[in-house]
Amino acid sequence: MTCAAVVTSLAVTVLSAAPPASAPALEQLAKKVAEHTALAQPEAPVGVYVEAPTPGLQQAFATAFASALTSRQLAGVTVVAPETTQAEALARTRDLRTLAEVVLSLSGTTLTAQTSLVSTWVNFWSGNAAASVSAQTFTAQVDADLAVRALAAVPATGQTALAFDPGILTRLPQPPVALAAYDVDGDKRAEVAVLMEDALWLLAPDGKVLATYDLRVLPRAVSVSREPFGVVAFISNPVRVVFLSGKYAEGQCLAFAGKELKVTSPVSQVSVDGFFVGLKPGVNSLAADVYFGKPASAPIAPLTATSSRGPVTLFVYADGTGQVVRGVGSLAHFRGIGSGSTLLDVDGDGQAEVLASSARHFPADDELKLFSARTAESVGAKRGDLWNSAPLWQGAATKGRVLTAAAGDLDGDGKEEALLGVWLDDGTGELQFLKKADR
């Protein structure tokens with residue numbers, strides 16, 4: 001960043017006062033920066049020039065910051081220019097007496113705004129050079145929320161149109177173990193089953209809790225899995241929810257009656273997309289016994305997740321490998337995929353995509369990438385690295401670790417949302433979603 005003013009005094013300050021934590025992160029940061037700008041008593045009107053990792057984040061913050069300045073009687077006006085020297089010149093021609101130059105950066109989950117206030121005033125004797133004035137540089141930070149991460153998402157090479165709007169469906173008292181989505185009531189909107197260590201919740205498409213089941217009434221398993229682990233699925237005719245948990249000796253088949261989930265029978269296997277899985281005692285993995293009526297191929301590694309769309313099936317293994325197959329599976333597989341991965345149809349065209357979480361162990365904040373199923377098949381045939389292949393979309397870090405994922409149409413528009421079961425650093429969980437943005 002260049003500065004036309006001659007700085008005669010410099011103060012570097014990190015703001016401590018903060019708006020309510022419930023406010024969106026960009027609004028919090030804009031108010032912090034506007035507050036310190038007002039303390040510097042700049043001459044109004046104040047121009048706002050922002051540099052950011054992406055145009056979306058740049059525009060959103062510039063708008064929020066200008067509004068926050070206006071509310072403090074500083075008449076904030078956004079200035080759009082290729083770089084700071086041109087921004088200062090443009091501010092001068094528009095008679096903006098001060099220019100607030102802001103550089104935004106996102107590191108992990110911290111969004112930082114470094115701001116410099118520049119006087120644009122020019123007197124007769126100074127010619128094209130601005131007068132010597134006192135200047136102040138200050139820094140403000142906030143925790144980036146989902147909206148910030150979506151705005152900071154970097155488009156994949158050669159991709160311009162695909163974007164996702166994030167959201168939080170509900171917060172959970174425990175980290176999620178498994179997810180499933182199904183249209184229970186026939187309204188073309190999917191309900192969601194969330195399995196946790198000690199409870200199962202059935203959620204409406206808007207996140208409202210419809211019913212719960214307490215797993216603690218079940219006998220404990222002789223060999224408990226190292227970490228909370230399990231599987232949940234819907235079955236139809238009539239609609240029921242079935243689950244297995246690595247902490248308990250048996251699973252249950254549950255019918256949704258009114259506001260209750262009532263036990264219909266115990267289960268030792270769960271039907272998932274046309275094949276049956278059980279749990280390996282004491283191990284965080286699934287045992288796949290039957291695959292579309294035929295014996296499954298020899299497992300590459302312990303199986304941790306699976307999903308299907310039509311003839312396409314995604315298998316995810318505990319060693320960070322996976323495979324996308326059509327029909328009976330083969331041993332061809334790829335590297336670079338985490339347990340929080342799923343197949344979905346993001347645009348309703350009948351073609352499956354692979355949403356992949358990272359294969360890193362216990363990342364502070366996870367990352368997501370979207371690939372076509374065909375790309376995953378091609379990479380698998382070469383036993384390559386999917387994560388480092390060209391994605392359709394890649395997202396900024398998601399707050400928390402994505403443990404499990406599923407897909408379902410939450411709003412009935414024919415396009416599936418990605419459902420992300422996230423483990424937060426305070427030991428609780430969150431059910432997040434990604435919806436394809438129409439922009």
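## Exercises on a predicted model

Threonine 170 has contacts (heavy atoms within 4.5 Å) with Leu203, Gly207, Glu430 and Leu431, leaving aside residues up to four places away in sequence. This is a predicted model, where local features need pLDDT of at least 70, side-chain atom pairs count only at pLDDT 80 or more, and totals for chains, interfaces and linings use all residues. Residues are numbered from 1 along each chain as its sequence is written, and side-chain values use heavy atoms, with hydrogens and water left out.

**Exercise 1.** Place threonine 170 in its strand, then decide: buried or exposed?

*Solution.* Step one: find the strand. Threonine 170 lies in β7, residues 164–172. Strands here are DSSP runs of E, at least two residues; helices are runs of H or I, at least four; both are numbered from the N terminus. Step two: apply the cut-offs. Buried means under 20% relative accessible area, exposed over 50%, and partly exposed in between (1.4 Å probe, protein chains only). Threonine 170 counts as buried because its relative accessibility is 13%.

**Exercise 2.** Compare the span of helix α1 with its expected span.

*Solution.* Step one: count. Helix α1 covers residues 25–39, which is 15 residues. Step two: get the expected span, 1.5 Å times one less than the number of residues. For α1 that gives 21 Å. Step three: compare. From first C-alpha to last, α1 reaches 21 Å, close to the expected value. What follows α1? Glutamine 41, with a positive phi near 55°.

**Exercise 3.** Find the edge strands of the sheet that holds β13 and β14.

*Solution.* Step one: write the order. The open sheet has 4 strands, β12-β13-β14-β15, with antiparallel pairing. Two strands pair if DSSP finds at least two bridges between them. Step two: look for single partners. β12 (230–235) and β15 (260–267) each have a single partner strand, so one side of each has no neighbour in the sheet. Step three: check the inner pair. Strands β13 (240–245) and β14 (251–257) are joined by 4 bridges. Valine 242 has cysteine 253 in β14 as its bridge partner.

**Exercise 4.** Describe the largest nonpolar core.

*Solution.* Step one: define it. A nonpolar core is a set of buried Ala, Val, Leu, Ile, Met, Phe, Trp, Tyr and Cys residues joined through side-chain atoms within 4.5 Å. Step two: size it. The largest has 29 residues; Leu29, Val33, Phe61, Phe65, Leu104 and Leu111 have the most contacts inside it. Step three: find the main supplier. Helix α2 gives the most, 7 residues.
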